[in-house]
Amino acid sequence: MQGSILIVDDKADIRLSLQFLLKNHGFTIFQSSSLDCAAKQLNAHDIDIVLLDMNYELDTTSGDEGLAFLSQYASQSSATFIAMTAWSSVELAVEAMQRGAKDFFAKPWDNHAVVMMVKKHLGLKQITAKQQSASPLLTTAKIAPNVDHADALLWLSPTMQALKSQLDRIAKTKANILLRGENGTGKSQIASYIHQQSNITGNFVSTNMAAIPESLFESEMFGHVKGAFTDAKQDRQGRFSMAEQGTLFLDEVGTLTEPQQAKLLRVLETGEYEAVGSSKTQHASCRIISATNADLESQQQASQFRSDLYFRLNTMEFEIPPLRLRRTEIIPLADFFIQKHATAYELDVKPLSHAAKTRLQSYAFPGNIRELSHMMERAILLCDGTEIEESALSLKSVVTTEQSEPEMMTLDQAEQKLIKMALCQCHDNVEDAAVLLGISKSALYRRLDKFDIKTR
């Protein structure tokens, strides 16, 4: 993949490190030590990606200089802006994206993650350019919906950062992945993210297994040939064929009936299938990512879900935590959805009031990210003032999940339970679990030793 990258940072060592990293991947590199110099470079060269530091001469924390530069140039330039800062501030990252940045990363960075981020945005630019060339009437919004902001906002909490680190490593393999978690936690977005981070060249094909009628399962998944049944007027490509050399995402996999499970298992075991009405054996060549909110262990015990299929699907298994355990994401996501829905309805973007933010932070969100999106959609439609007040959130009609009395236990028992919950949510990353619990890493290690809690 080719592309030109402008690195804007007042520190020479930062510019040099990024230059070495990205030049080794074949990119053309330009450097600027100041924002004035960066503006001249943008005018003088055809720049694809700008890696923009947010702090310069005025101070080292506010990011005001970088934000001002984004406001002036992000909408005018054809380049894609990626913000970078040594201060991993959620508020600064969100503000940068609202002013036109498409992504962000914190210093010190992960080399692999930065390279993949650059490649992803170069790929999006190339797709957009090709489709605009084929049909000049198409707009960028129609070609590539602005989902990058939401994707980036998914990873703001320590818990999700720990999950992202693991997914980035697994994405490069061909291992099947099972994503588990409550409805609305972002499993489909995460499946798409895994596909984007992989080396796979084919399509990402998403299938809602719960929506496929029993009688059409084979036709949907494997395709059919003309005349295979009464309504088969022409050949039809199945999902496995559509996802060739790509990723097949099986959402709501826990809803499969026993016959459907058997048919899917055969493909996963042998890699072979036949289109309905054809005797020609075809070979599946796609990665499988599946997702469910079902208790598959209980279903297996009740003989409702095949154990052999379960172990085919969960080569790697990840639990997506609910939004109530990712509090740092709530307000940034709410701001994103307000902007998204206000734009869709052609309404003014209005900020959340302090009272509304406080209420959102204390709400349990049983419907998770999906509920938050719908809530902000209603709020922007109901708001008739300059701010979105708590009354516009319509929270009274929604039952929260935090009304039940906690079970009684000793303080030691409660402490052990919280530690185990934090480790589970952070995938046994002790440092991230300590952040989640609000204690130091050394303090957590002392408690792990005290309660004899083992980590992987």
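Begin by selecting R180 and E317, whose side chains meet in a salt bridge with an N to O distance of 3.1 Å, and keep in mind throughout that the model on screen is a predicted one. Colouring the strands helps at this stop, since R180 belongs to strand β6 (residues 177–180) and E317 to strand β12 (residues 316–319), so the pair ties together parts that are 137 residues apart in sequence. With a surface switched on, R180 can be seen as buried, because its relative accessible area of 8% is under 20%, whereas E317, at 33% relative accessibility, counts as partly exposed.

Move next to helix α8, which spans residues 158–171, and select K164 and D168, which lie four residues apart in this helix, about one turn. Their side chains form a salt bridge at 3.2 Å, N to O, and both K164 and D168 are buried.

Now select E329 and R326, where the side chains are joined by a salt bridge with an N to O distance of 3.0 Å. Are these two residues buried or exposed? E329 counts as buried at 0% relative accessibility, and R326 likewise counts as buried, at 1%.

For the last stop, select D9, D53 and K107 together, for these residues are linked in a network of salt bridges. To continue beyond the stops described here, display the salt bridges of the whole model, which come to a count of 16 when a side-chain nitrogen of Lys or Arg lies within 4 Å of a carboxyl oxygen of Asp or Glu.

Note on methods:
Residues are numbered from 1 along each chain as its sequence is written. This is a predicted model: local features need pLDDT of at least 70, side-chain atom pairs count only at pLDDT 80 or more; totals for chains, interfaces and linings use all residues. Side-chain values use heavy atoms; hydrogens and water are left out. Helices (H or I, at least four residues) and strands (E, at least two) are DSSP runs, numbered from the N terminus. Buried means under 20% relative accessible area, exposed over 50%, partly exposed in between (1.4 Å probe, protein chains only).
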